Amino acid sequence: MPQAPLVMANGAAIPAIGFGSWTLADEACIEAVGWAFEGGYRHIDTARMYGNEAAVGEAIRASGLPRDEIFVTTKVWWTDIAPGDLERSAEGSLERLGLSEVDLLLIHWPNPAVPLADSTAALCRVKARGLARHVGVSNYPSAMLDEAVRLATEPLVCNQVEYHPYLDQGAVKQACERHGMAMTAYSPLGRSALLDDSTLKAIAAAHGRSVSQIVLRWHVQQPGIVAIPRSRSREHIRQNVDVFDFTLSAEEMARISALSRPDGRVVEPDFAPTWDKG
């Protein structure tokens with residue numbers, strides 16, 4: 001099974017398909033991450049808010065894979081992004097993961113109560129201290145991303161946002177492209193909302209693939225896009241990374257992109273920013 005190609009972004013080499021661990025906990029998380037490694041994943045995404053960093057760290061150690069073959073992303077929750085708090089959160093994540101550094105540390109959500117200059121400076125200090133090889137953000141609308149890049153003293157390598165065929169993220173994607181950043185898609189399968197779509201089912205039948213594989217192929221066939229699907233099924237985990245031995249036509253890519261809709265968002269976070277999402 002071909003391994004995921006790398007998305008290059010401001011010095012980072014990010015595997016184009018990663019394994020998302022949101023909602024996975026304890027032994028179920030260890031087992032699923034282990035299946036991901038067996039299936040060829042080399043990019044694991046976690047977060048302090050997920051409560052599973054220790055389980056992810058245990059799965060990494062149990063894999064027997066060299067540390068430099070695994071790209072580990074974790075995230076600092078929005079309540080902890082003030083100067084001092086962000087650094088302490090990063091240190092706590094490393095302790096739970098059992099790692100000396102992560103490959104990518106993200107601010108999980110911005111916080112209107114913390115000036116962007118302060119949170120960005122704290123994020124950059126984490127990289128300067130060697131706690132993270134790369135840093136980035138998550139859930140930043142395009143104007144905020146532009147400002148964060150202006151303020152940053154270290155390169156920002158990605159913006160992780162909800163993205164799938166039902167949700168147009170064109171403005172954020174263009175901002176990432178302007179700044180040489182990757183855009184990482186969480187909930188890339190729309191939390192299964194896409195699985196019964198007639199257009200996607202027709203394209204899947206034409207290729208002899210599952211709808212999930214078609215959607216993930218649509219993601220990774222776009223320049224600069226990384227996708228981090230989550231699954232608890234060993235079969236689906238393996239299937240989701242097996243998308244690099246076929247290609248969608250330009251017409252198929254366009255048909256999938258045309259599925260976007262105004263109500264396409266499927267993730268309603270506990271903390272929802274009040275600013276425009278574009």
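Over which residues does pLDDT stay under 50? The legends below take up this question after the overall view.

**Figure 1. Overall view of the predicted chain.** This is a predicted model, in which local features need pLDDT of at least 70 and side-chain atom pairs count only at pLDDT 80 or more, whereas totals for chains, interfaces and linings use all residues. Residues are numbered from 1 along each chain as its sequence is written, and side-chain values use heavy atoms, with hydrogens and water left out. The chain has 10 helices and 10 strands, these being DSSP runs numbered from the N terminus (helices H or I, at least four residues; strands E, at least two). The radius of gyration is 18 Å, close to the 19 Å that the globule rule gives for 278 residues, so the chain is as compact as a globular protein of that length; the radius is taken over C-alpha atoms, and the rule is 2.2 Å times the number of residues to the power 0.38. Of the 278 residues, 56% count as buried, that is, under 20% relative accessible area with a 1.4 Å probe and protein chains only.

**Figure 2. Close-up of residues 271-278, where pLDDT stays under 50.** For this segment the model has 19 contacts beyond four places in sequence, a contact meaning heavy atoms within 4.5 Å. The chain as a whole averages a pLDDT of 94, and 95% of the residues score at least 70; pLDDT is the predictor's confidence in each residue, from 0 to 100. Where pLDDT is low, the predicted coordinates should not be read in detail.

**Figure 3. Close-up of the largest pocket, with a volume of about 670 Å³.** Of the 31 residues that line this pocket, Trp-22, Ser-187, Pro-188, Arg-191 and Arg-230 are the closest to its centre. A pocket is an open set of points on a 1 Å grid over the protein atoms alone, where a 1.4 Å probe fits, with protein on both sides within 12 Å along at least five of seven lines, and lining residues have an atom within 4 Å of a point. Volume is the space filled by probe spheres set on the points, which are joined across faces, edges and corners. Helix H9 (residues 234-241) gives the largest share of the lining, three residues.

**Figure 4. Close-up of the second largest pocket, with a volume of about 320 Å³.** Ala-13, Asp-68, Glu-69, Ile-70 and Phe-71 lie nearest the centre of this pocket, among 21 lining residues. Strand E2 (12-15) and strand E7 (132-138) each supply at least two residues of the lining, and the largest share, three residues, comes from E2.

Technical notes
Buried < 20%, exposed > 50% of the residue type's maximum accessible area, 1.4 Å probe, protein only.
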